[in-house]
Amino acid sequence: MPSKARLNSCRPVVDRCRRSSVVAQRSIWSAAPRAWGVAVCLVAVLGQGFAQPHDYLPAAERTNGANTLEAVQPVVAAAAAATVEILGEGKRVSLGTLIGVDGELVAKASELPAEVTVRFAEDQAAPAAILARDADSDLALLRIEGDGLRGVTWPVLRGVAIGQWVVAPVPGAEPSLGVVGAAVRPIERAGGALGVRLAYDRGSAAEAVTIAEVYPESAAARAGLQEGDRIRAVDGEPVRSVDALIERVKQRNPGDTVRIDLERGGETQTMDVVLGYRSVFDPFDRNQRMSGPTSRRRTGFAQVIQHTIPLPPDALGGPLVSLDGEVIGINIARVDRVTTYALPVREVQGAIARLRRSAANQTSSPP
Amino acid sequence: MAVSKVYPGNDRVGWFGTVAGLVLALLGSPTGTAQAVSVADLKGVEQQVQRALPRARQATVVVSGGGSGVIITPDGYVLCAEHVTGRPGRRALLTLDDGRLVAAKTLGNTRFADAGMLKIVEPGEWPFAPMAEAGASQVGDWCFLLGHSSGYDAVRGPVVRVGRVIVKGRNLIQTDCQLIGGDSGGPLFNLAGEVIGINSRIADELDENYHAPVEAFQRFWEPLLAGEAIPRQSGNGGGWLGVRTAPHRDGLVINEVVPGSAAAQAALQPGWIILRVDDYAVGSPEELGMAIRALSPGEKVTLRYRQDEAEHSIKVELSDRPSRRRTR
């Protein structure tokens with residue numbers, strides 16, 4: 001049997017022949033800048049007496065090349081007009097989709113700091129109120145003041161077909177093209193994480209689990225856990241094995257606070273740790289390492305449309321559009337190199353109803 | 001199939017040629033690859049993909065845990081990647097699209113193209129997708145692929161990606177259909193649902209997805225079926241130029257030309273300064289080596305070089321890399 005690493009491998013040449021071969025491929029065949037298209041065109045025409053095809057497809061001709069995207073631009077125009085950018089601390093953190101006539105919009109909740117600004121035109125931005133957050137869908141409801149802010153039109157619900165093209169408008173950039181890659185389905189939650197490596201003690205009847213390493217910028221690091229700390233209990237429940245500790249932490253969600261009883265230097269301490277996302281372990285995952293930036297919150301959805309549009313983690317929360325221009329979902333998570341999730345319209349509408357109820361309850365409650 | 005390489009960097013072209021070429025290029029290349037894409041075109045692609053999908057999906061299998069593969073004959077021959085199948089004569093387990101597990105054994109492989117084969121050893125008539133004929137796929141073709149991205153997921157099934165052929169070489173196809181671990185060994189199809197390649201590897205950019213072309217199987221068909229691990233055709237892998245170089249202010253200065261090498265055949269001379277390879281700058285001997293090894297023996301590269309203050313270009317046909325020599 002080949003080793004697991006080999007089976008999972010998508011970069012055999014990299015592994016066997018050093019990373020250099022990949023670099024070489026990139027330097028030779030890289031997604032050429034648009035100018036190259038012209039350059040190659042020229043030389044093809046000049047040097048080869050009008051007879052030879054290009055040796056490679058110019059960047060503009062590719063699936064997400066300028067020529068292709070120019071064609072789909074009109075299709076997404078209406079949805080693009082309802083797509084805004086959410087800025088937090090000066091930089092984009094999410095897109096937003098306008099959903100009503102009164103400046104209501106939804107965005108990706110887990111990326112939003114407490115205070116955000118919405119940029120709804122190139123030179124127009126306004127502070128927005130975050131009215132409510134929905135943990136199930138990872139959508140937040142926001143409202144901005146402004147004229148002519150028209151929301152998206154939801155289509156008559158139809159099935160989403162595997163292999164159908166989908167487009168995502170991105171303000172300030174060309175839209176991005178992909179296909180629905182797999183069946184609409186639920187995505188299990190992954191739970192929270194401390195962000196530590198645990199030591200498997202060989203001894204029997206352990207009374208605690210030892211932290212072998214605290215990963216930088218993890219929940220554990222923020223809370224002050226240290227290498228060598230011996231965790232005795234989580235939320236008062238004793239943990240006697242690595243697996244028991246992991247299981248207990250995974251039962252809780254990112255953002256939840258857990259109380260950890262631990263031993264350090266012979267003394268017993270209690271610490272509150274706000275759990276983080278399991279994406280803290282991405283550096284140890286081969287597929288994640290080859291994926292570029294991904295969303296921290298990318299699991300635990302009742303239903304998703306899986307598609308291939310390569311959206312950066314700050315470009316979720318915007319509409320997913322069919323080639324007929326219908327909004328079929330809201331992009332919600334960049335998962336890996338080949339995967340983006342969108343919430344189907346039915347899920348979005350359910351979330352919006354919950355968000356509006358939640359917002360109404362908050363405003364109607366006495367101060 | 002002969003795929004001609006057309007490289008930038010022809011120094012015999014004057015300004016008239018440049019203008020004429022620009023006009024022609026803007027009017028549309030007579031070769032026909034520079035075309036606008038319309039929404040109708042895309043919908044046509046979508047329809048063909050969706051028509052081909054059911055059969056393509058039935059033919060796509062999981063190979064022993066993490067990889068993918070595709071059945072290409074009703075009697076159960078399977079195309080896969082060498083780095084998934086490993087050496088010939090081993091047992092493997094395939095998971096069919098309907099969840100059935102079937103026993104298979106690994107056949108031959110060509111490591112240099114990352115082409116590997118298996119045969120289902122149980123009797124039966126298997127769902128399959130035929131191979132395309134040699135030369136059927138070309139740069140610019142729309143294509144789609146299937147693979148069990150990040151491993152088998154029975155609820156999700158294999159994941160579809162759609163894109164275009166960016167490069168077609170003897171031993172590789174490059175597409176913009178994104179791959180990830182688990183897709184390895186899975187099939188790349190043309191819009192007719194014929195297998196044109198096998199998912200192999202990636203580089204960092206999203207457009208850098210590489211597949212073994214079916215031609216790399218077809219060239220060695222009998223030995224592959226006979227279970228031969230076909231040795232590298234090219235020593236350490238890739239093409240060979242045969243020069244020793246050192247960094248120089250603008251490029252790499254040739255210190256030595258190995259007798260009998262491709263460089264010697266092309267009469268490269270010590271003292272020349274290599275500026276670019278196929279119009280990509282090379283800053284170090286390592287980079288030059290990488291660029292050359294990424295190509296296959298028999299392929300031609302255009303070297304841009306300087307000799308006595310004058311710049312020239314020369315085409316060099318790369319040779320096989322001698323297995324024991326470490327010369328670049």
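Helices and strands here are DSSP runs, numbered from the N terminus, with helices taking at least four residues and strands at least two. With that in hand, a first spot to look at is Glu217(A), which is found in the loop between β11 (209-214) and α7 (219-223) of chain A. The model itself is predicted, and it scores ipTM 0.83 and pTM 0.77.

Glu217(A) stands out for its backbone. Most residues other than glycine have a negative phi. The phi of Glu217(A), though, is positive, near 60°, and this residue is not a glycine. As for its surroundings, Glu217(A) has a relative accessibility of 72% and so counts as exposed, the cut-off for that label being over 50%.

Chain B offers a case of its own. Glu309(B), again not a glycine, has a positive phi of about 70°. Its place is in the loop between β19 (300-307) and β20 (310-317) of chain B. Is Glu309(B) buried or exposed? With a relative accessible area of 73%, Glu309(B) is exposed.

Back in chain A, there is a closed barrel to trace. Six strands make it up, in the order β1-β2-β3-β6-β5-β4, and their pairing is antiparallel. From one strand to the next, the twist averages 40°. The pairing can be followed in detail at β1 and β2 of chain A: residues 83-88 form β1, residues 91-98 form β2, and the two run antiparallel over 6 bridges. One residue pair shows how this works, with Leu87(A) having Arg92(A) in β2(A) as its bridge partner.

Turning to chain B as a whole, the count comes to 7 helices and 21 strands. The chain has 328 residues, and 58% of them count as buried. Looking at contacts in chain B with a separation of 6 or more, 60% come from residues 24 or more positions apart. On the outside, chain B exposes about 12900 Å², and carbon and sulfur atoms supply 50% of that area.

How far can the chain B coordinates be trusted? The mean pLDDT of chain B is 85, and 85% of its residues reach 70 or more. Two stretches call for some care. Over residues 1-33 of chain B the pLDDT is below 50, and in the model this stretch has 59 contacts beyond near neighbours in sequence. Residues 323-328 of chain B also have a pLDDT below 50, with 20 contacts beyond near neighbours in sequence. Where pLDDT is low, the predicted coordinates should not be read in detail.

Key:
Residues are numbered from 1 along each chain as its sequence is written. Chains are lettered from A and ligands numbered from 1 in the order in which they are written. This is a predicted model: local features need pLDDT of at least 70, side-chain atom pairs count only at pLDDT 80 or more; totals for chains, interfaces and linings use all residues. Side-chain values use heavy atoms; hydrogens and water are left out. Buried means under 20% relative accessible area, exposed over 50%, partly exposed in between (1.4 Å probe, protein chains only). Contact means heavy atoms within 4.5 Å. Accessible areas come from the Shrake-Rupley method with a 1.4 Å probe; for residues, only the protein chains shown count as cover. Two strands pair if DSSP finds at least two bridges between them. Axes are lines fitted to C-alpha atoms, for helices over the stretch in contact, and angles run from 0 to 180 degrees between N-to-C directions. pLDDT is the predictor's confidence in each residue, from 0 to 100.
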